[in-house]
Amino acid sequence: MTTAAAPPRVPEAIHRRRWAILCTLVLALLVVVLDNSILNVAMKTIATPAPVGLGATQSDLEWSINSYTLVFAGLLFTSGLLGDRFGRKLALLAGMVVFGIASLLSSMAGSPGELIGFRALMGVGAALAMPATLAIIMNVFERAEQPKAIGIWAGAVGLAIAIGPITGGVLIEHFWWGSVFLINVPIVIVAVIAMVVLVPESKDPAPGKLDPVGVLLSIVGLVALIYGIIKGGELADFTAPAAWVPTLVGVVALVAFAWFERRTAFPALDVTWFRNKVFSASVVVVGVIFFALMGVSFFGVFYTQSVRGYSALQAGLLMLPLAVAQLMFAPRARLVVDRFGVAATAAGGMLLVAIGFGGYTVLTATTPIWVLVVLGLVMGAGMAHVMPPVTVAIMGSLPREKAGAGSAVNNTFRQVGGSLGVAVLGAVLSTVYRDGMSDTLTQLPENLRDKAGESLEATLAIAERIPGGQALIAPANDAFIHAMHVVAALSVGISLIGALVAWLLLPRRAAAPGAPAGPSAGQPDTTRETAPAEA
């Protein structure tokens with residue numbers, strides 16, 4: 001008996017231009033990811049006193065990153081719901097416009113406080129745009145092509161990681177620090193024009209009633225949780241009331257959110273999704289890998305620029321191997337999944353990431369730089385074999401009409417994991433560094449000791465200002481490298497936990513191409529054509 005092939009779910013006019021649509025979505029993704037990777041390279045310059053920089057402190061630098069992360073992660077879930085309800089193209093366009101305006105304002109910031117505020121506004125735009133990109137992919141590609149499309153989507157992150165630091169390095173060497181934000185504006189303009197012309201609108205055909213209580217609880221819970229985590233990392237003390245009180249508020253709000261969603265007739269989030277082992281394991285793996293990666297990425301720029309003495313552009317070039325490996329392997333990860341299965345592919349990728357972190361535990365101030373290049377290639381290849389298959393697993397296990405919410409959950413776990421990584425591993429780095437410098441700092445005047453012990457950058461800044469300060473540089477470098485080794489070793493353990501979760505809980509084999517991935521099979525197509533008719 002022959003079974004007839006399932007009819008296509010995507011209208012032919014949209015299907016013909018699906019790759020052009022994907023390129024447009026990748027452009028939106030690029031500008032969002034590009035921004036943070038550029039900022040990492042520019043942090044040293046922004047910390048320089050005016051007129052070269054803003055004279056930002058270590059805390060200012062952290063909050064210029066964390067204000068964006070806090071707002072982005074806090075609004076991701078809500079933005080995904082709004083896209084499903086009111087239109088994903090509308091959410092994408094609104095997000096890009098807000099992001100572009102906030103980038104322009106950030107480039108003109110006159111103080112660290114202004115920069116932090118404008119960065120928060122950029123987080124609003126990114127939160128609107130990011131879930132929509134993946135949700136639209138799920139609605140313009142047939143299921144058989146979705147793994148390839150998602151692989152390209154994930155590979156774009158690698159491209160942004162590559163061009164971000166290099167672009168940032170070029171801009172910092174030839175222009176003022178604000179140019180790293182101004183560069184976003186022309187990219188946003190091009191992306192918005194392409195979206196208006198190419199991207200179709202899609203939404204949930206039956207979204208049900210609004211759930212204002214659930215939405216409010218999710219925002220309060222995520223913002224409070226991430227704020228507490230960030231504050232604990234900033235203080236290097238998670239027992240301080242300023243850290244544990246908001247963290248507790250966030251946990252209580254999220255527990256209340258889950259309790260309420262189970263009992264309301266029209267939940268913002270169907271919590272029964274988490275009963276699906278594949279869905280739950282996938283989001284955990286996403287959170288784990290970004291926990292480890294973001295914590296290490298934060299100190300990487302200081303190792304290359306402050307310890308090794310490379311320029312901003314050279315530091316950007318040293319990130320190129322990691323990015324190139326992601327760009328090369330991510331679109332092809334589906335072939336590995338077809339041969340070995342999701343569990344083996346993702347677990348193997350996590351093991352490669354763990355090996356990369358292991359390499360960081362033996363770096364010194366004189367290690368040949370080619371070692372860093374090799375570590376970047378290994379970690380990039382690992383990331384490329386983790387993110388595409390787990391993203392496909394997350395999105396494929398949900399109804400297609402809930403693609404925005406699913407994408408938002410995926411990105412929320414990524415951001416929460418990344419925030420935890422920066423906060424927890426950053427706190428460990430700071431504590432170990434301060435302990436390693438404790439004896440050396442006793443040689444300084446008492447009014448300078450606390451400031452000098454904040455970070456490697458703070459120590460080097462004071463060393464330049466005081467007589468005989470050069471004697472601080474070697475001990476500072478040694479203390480920082482030791483702290484880096486401790487954090488890298490913790491990241492190895494975290495990555496191994498992620499590998500274990502992937503191996504035990506993700507499916508051994510991939511679903512056959514075109515097979516239904518969830519309860520949405522047979523649902524009516526929700527993609528609505530709004531672009532000009534094709535000839």
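Start with a cavity lining: by class, the second largest cavity is lined by six nonpolar, three polar and one charged residues (Ala, Val, Leu, Ile, Met, Phe, Trp, Tyr, Cys and Pro count as nonpolar, Asp, Glu, Lys and Arg as charged, and the others, Gly among them, as polar). Before you click on, note that this is a predicted model, where local features need pLDDT of at least 70, side-chain atom pairs count only at pLDDT 80 or more, and totals for chains, interfaces and linings use all residues. Residues are numbered from 1 along each chain as its sequence is written, and side-chain values use heavy atoms, with hydrogens and water left out.

**Stop 1: the cavity**

Select W153, A154, V157, F290, Q326, M383, M387, N410, N411 and R414, which line the second largest cavity. Helix 6 (146–174) and helix 18 (403–441) are the elements that each give two or more residues to this lining. The space inside is about 90 Å³. A cavity here is a set of points on a 1 Å grid over the protein atoms alone where a 1.4 Å probe fits but cannot get out, and lining residues have an atom within 4 Å of a point. Volume is the space filled by probe spheres set on the points, which are joined across faces, edges and corners.

**Stop 2: helices 15 and 21**

Next, select residues 342–360 (helix 15) and 473–505 (helix 21), whose axes come within 8 Å and cross at roughly 170°. Helices are DSSP runs (H or I, at least four residues), numbered from the N terminus; axes are lines fitted to C-alpha atoms over the stretch in contact, with angles from 0 to 180 degrees between N-to-C directions. The two helices are therefore roughly antiparallel (over 145 degrees). Try showing side chains: M350, L351 and F357 are among the helix 15 residues in the contact, and M484, H485 and W503 among those of helix 21. Contact means heavy atoms within 4.5 Å.

**Stop 3: helix 14**

Now add residues 333–340, helix 14, whose axis comes within 7 Å of that of helix 15. Here V336, V337 and F340 meet V342, A344 and T345. That contact has five nonpolar, one polar and no charged residues.

**Last stop: confidence**

Finally, colour by pLDDT, the predictor's confidence in each residue, from 0 to 100. The chain mean is 79, but pLDDT stays under 50 over residues 511–535.

How values were computed. Angles under 35 degrees count as roughly parallel, over 145 as roughly antiparallel, 65 to 115 as roughly perpendicular and the rest as oblique. On a 1 Å grid over the protein atoms alone, a cavity is a set of points where a 1.4 Å probe fits but cannot get out, and a pocket is an open set with protein on both sides within 12 Å along at least five of seven lines; lining residues have an atom within 4 Å of a point.
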